[in-house]
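Dear colleague,

I am passing the structure below on to you, together with an account of what turned up when it was examined. Please have it open as you read.

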Amino acid sequence: MRTIHVIGIGAGDPDQLTLQAVRALRDTDVFFVLDKGEVKSDLTQVRRDMLATHVPEGTYRVVEARDPERDRTAGGTAYSPAVGDWRSARADIYERLMAEELGEQETGAFLVWGDPALYDSTIGILEEVRARGTVDFTYDVVPGISSVSALVARHRTGLNRVARPVQITTGRRLAEGFPDGVDDVVVMLDAHQTFRQYADEDMDIFWGAYIGTPDEMLVAGPLAEAAPRIERLRAEARERKGWIMDTYLLRRNPERP
């Protein structure tokens, strides 16, 4: 039976690979990489560099396929169906790759940024392929260091405060309002800098982009003071690289005088 490893490779720093991840890399015959185009080609190169560092040359193959485009204009009630269509398009590619590029006794792998269990679609897509019943395979999941863990480590802070909860959400959800009953909120997938909605409130922000890579940028401080700097850095970085991946922690201070 075909075997698939879903391997969390961390937020970008090659040193964030766990020993379990390295063992899984060395157990793999075929690595499947979805190429996001020339603009993000450096993300593909980071994966190749990790393989060159940790896996003996000549013991594996890399098979690339073009990642399908997702409708990023869909909003409101159309958002979830658009994501569902994109995931099904990815499932078509996964299904074809495993059927055509992976022998029945071989092991394949998908290298996932951060942790496969946090805002990543790979596990769900593999379950969709399994449900189709056209390719017989089993899979396991190797956890990785998420951008959330890397963010707070780089800022030398914790996610939560004593006896208080923390919530992880998206920029789209944050735009609908700050979560009730929570003062520490991690925001991911925010293309619209939603933190600006709260610049007049007593909050601190811990922000990071390209975490764990040579392009890493970090900003922390009172939101009202930090927001303009983050906007400027973000715009400059996006202009320079053509894309940006960032994460931030908003910390409300209801008890501060």
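The notes that follow go through the nonpolar cores, two helices, a set of paired strands and three loop residues.

Please keep in mind throughout that this is a predicted model.

To begin with the interior, the largest nonpolar core has 40 residues, and those with the most contacts inside it are Ile 7, Ile 205, Trp 207 and Leu 250. Among the elements that give two or more residues to this core are helices H1 (19–26), H2 (41–54) and H7 (223–241), along with strands S8 (203–209), S9 (217–222) and S10 (246–252); the largest share, six residues, comes from H7. Leaving aside residues up to four places away in sequence, the contacts of Ile 205 include Val 219, Leu 223, Ala 226, Ile 230, Tyr 248 and Leu 250. A second, separate core has 21 residues, including Ala 91, Val 112, Ile 125 and Leu 126.

Helix H7 deserves a closer look. With 19 residues, H7 reaches 25 Å from its first C-alpha to its last, which is close to the 27 Å expected at 1.5 Å a residue. Buried in H7 are Leu 223, Ala 226, Ala 227, Ile 230, Leu 233, Arg 234, Ala 237 and Lys 241, and, because these buried residues fall within an arc of 145° when seen down the axis of H7, they line one face of the helix. That buried side packs against H2, S8, S9 and S10, whereas the face of H7 turned away from it carries the exposed residues Glu 225 and Glu 239. After H7 comes Gly 242, whose phi is positive, near 90°.

The other helix to mention is H3 (residues 79–101), whose 23 residues should span 33 Å at 1.5 Å a residue, and whose end C-alpha atoms are indeed 33 Å apart. Among the buried residues of H3 are Trp 86, Ala 91, Ile 93 and Leu 97, and the list also includes Arg 90 and Glu 95. The elements covering the buried residues of H3 include strands S1 (2–8), S2 (30–35), S3 (61–66) and S5 (137–142), as well as helix H4 (122–132).

Strand S2 is itself mostly covered, with five of its six residues buried. Six bridges join S2 to S3, and these two strands run parallel; within that pairing, Asp 35 has Arg 66 of S3 as its bridge partner. S2 also pairs with S4 in the parallel sense, over three bridges, and here Phe 32 stands opposite Phe 110 of S4.

Lastly, some loop residues may be worth inspecting on your side. Most residues other than glycine have a negative phi. Ala 163, however, has a positive phi near 60°, and Tyr 210 has a positive phi near 50°. Ala 163 sits in the loop between helix H5 (147–154) and strand S6 (166–170) and is exposed, with a relative accessible area of 79%. Tyr 210, by contrast, which is found in the loop between S8 and S9, counts as buried because its relative accessibility is 4%. His 155 also lies in the loop between H5 and S6, and at 15% relative accessibility His 155 counts as buried. Not counting residues up to four places away in sequence, His 155 touches Phe 206, Trp 207, Leu 218, Val 219 and Ala 220.

With best regards

Methods
Residues numbered from 1 in each chain as written. Predicted model: local features only at pLDDT ≥ 70, side-chain atom pairs only at ≥ 80, totals over all residues. Heavy atoms only, no water. Core = buried A, V, L, I, M, F, W, Y, C linked by side-chain atoms within 4.5 Å. Buried < 20%, exposed > 50% of the residue type's maximum accessible area, 1.4 Å probe, protein only. Helix = DSSP H or I, 4+ residues; strand = E, 2+ residues; numbered from the N terminus. Contact = heavy atoms within 4.5 Å. Expected span 1.5 Å × (residues − 1). Arc of directions from axis to C-beta. Pairing = 2+ DSSP bridges.
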